[in-house]
Amino acid sequence: MLALWKYKMFTMIDDIEVISVDFETGSKQNYLIGEKYTGHVVLDLKELLPEWLTLELVVTDNNSEGETVLIHKQAFEIEKTEGNRVSYKIMITPTIPGYFYYSLRLVPTHPLLPGRKDINLSRWL
């Protein structure tokens, strides 16, 4: 069963379609420390099941050597599912000042995997 799941992940993860991405303020807007912001993402997972994937917000910065440093990582919650389309929601509250980069990442998850690095697969949106 796990082998079939891995096969589906590797062959179908690139078929996932981003329908919409909506955050309360645009990427060039200021986020205020301590304020709550909501983000919504809608994906068409095609033949994959929502419980097979975790959607994450990944916030990074560059250190003085120019290396990318992870600042924050947070999983979205599934808000609703309509057929193959899945709506995800996230609530974020900035806690530190500065300019940061953020990306969305899909990570396969399965209860039989000991850890998330055991499949060595992710998709950046």
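How many bridges join β5 to strand β6, and do the two run parallel or antiparallel? The answer is given in point 4, after a short account of the chain as a whole.

1. Status of the model. The structure is a predicted model. The mean pLDDT of the protein chain is 89, and 94% of its residues reach 70 or more. Among the elements of the chain, strand β5 (residues 77–82) has the highest mean pLDDT, at 97, while helix α1 (residues 2–12) has the lowest, at 89.

2. Overall composition. The secondary structure of the protein chain consists of one helix and eight strands. Along the sequence these follow the pattern α-β-β-β-β-β-β-β-β. The C-alpha atoms fill a box of roughly 45 × 35 × 20 Å, taken along the principal axes. Of the 125 residues in the chain, 34% are buried.

3. The helix. The buried residues of α1 are Trp5, Met9 and Met12. They cover an arc of only 100° around the axis, and therefore lie on the same side of α1. The face turned away from this buried side carries the exposed residues Ala3, Leu4 and Tyr7. A general rule is useful to the student here: an α-helix has 3.6 residues a turn, so residues three or four places apart point the same way.

4. The hairpin of β5 and β6. Five bridges join β5 to strand β6 (residues 85–92), and the two strands run antiparallel. Within this pairing, Thr81 stands opposite Val86 in β6. The two strands form a hairpin with two residues between them. In the turn, Gly83 has a positive phi of about 65°.

5. The open sheet. Four strands form an open sheet in the order β4-β3-β7-β8, with antiparallel pairing. The edges are occupied by β4 (68–75) and β8 (123–124); each has a single partner strand, so one side of each is left without a neighbour in the sheet. In general, strands of a sheet pair through backbone hydrogen bonds, either parallel or antiparallel.

6. The pairing of β3 with β4. Strand β3 (residues 53–62) is joined to β4 by seven bridges, and these strands run antiparallel. One residue pair illustrates the contact: the bridge partner of Val58 is Lys73 in β4.

7. A salt bridge between β3 and β7. The model contains four salt bridges. In one of them, the side chains of Glu56 and Arg105 meet at 2.7 Å, N to O. This pair links distant parts of the chain, with Glu56 in strand β3 and Arg105 in strand β7 (residues 101–108), 49 residues apart. Are these two residues buried or exposed? Glu56 counts as buried because its relative accessibility is 3%, under the cut-off of 20%. Arg105, with a relative accessible area of 17%, is buried by that cut-off as well.

8. A network around Lys46. Salt bridges that share partners join Glu17, Asp44 and Lys46 into one network. Glu17 forms a salt bridge with Lys46, in which the closest N and O atoms are 3.3 Å apart. This pair also links distant parts of the chain: Glu17 is in strand β1, whereas Lys46 is in the loop between β2 (37–44) and β3, 29 residues away. Asp44 forms a salt bridge with Lys46 too, the closest N and O atoms being 3.5 Å apart.

9. Accessibility within the network. Asp44 is buried, with a relative accessible area of 11%. Glu17 is partly exposed, with a relative accessible area of 38%. Lys46 is likewise partly exposed, with a relative accessible area of 31%.

10. A nonpolar surface patch. Which residues make the nonpolar surface patch of about 210 Å²? The patch is made by Val18, Val21 and Leu125. Val21 lies in strand β1 (residues 17–23). Val21 counts as partly exposed because its relative accessibility is 46%, which falls between the limits of 20% and 50%.

How values were computed
Residues numbered from 1 in each chain as written. Predicted model: local features only at pLDDT ≥ 70, side-chain atom pairs only at ≥ 80, totals over all residues. Heavy atoms only, no water. Patch = residues over 30% accessible without salt bridge, like charges linked within 9 Å, V, L, I, M, F, W, Y side chains within 5 Å. Areas by Shrake-Rupley, 256 points an atom, 1.4 Å probe, with all protein chains shown as cover. Buried < 20%, exposed > 50% of the residue type's maximum accessible area, 1.4 Å probe, protein only. Pairing = 2+ DSSP bridges. pLDDT = per-residue confidence, 0-100. Arc of directions from axis to C-beta.
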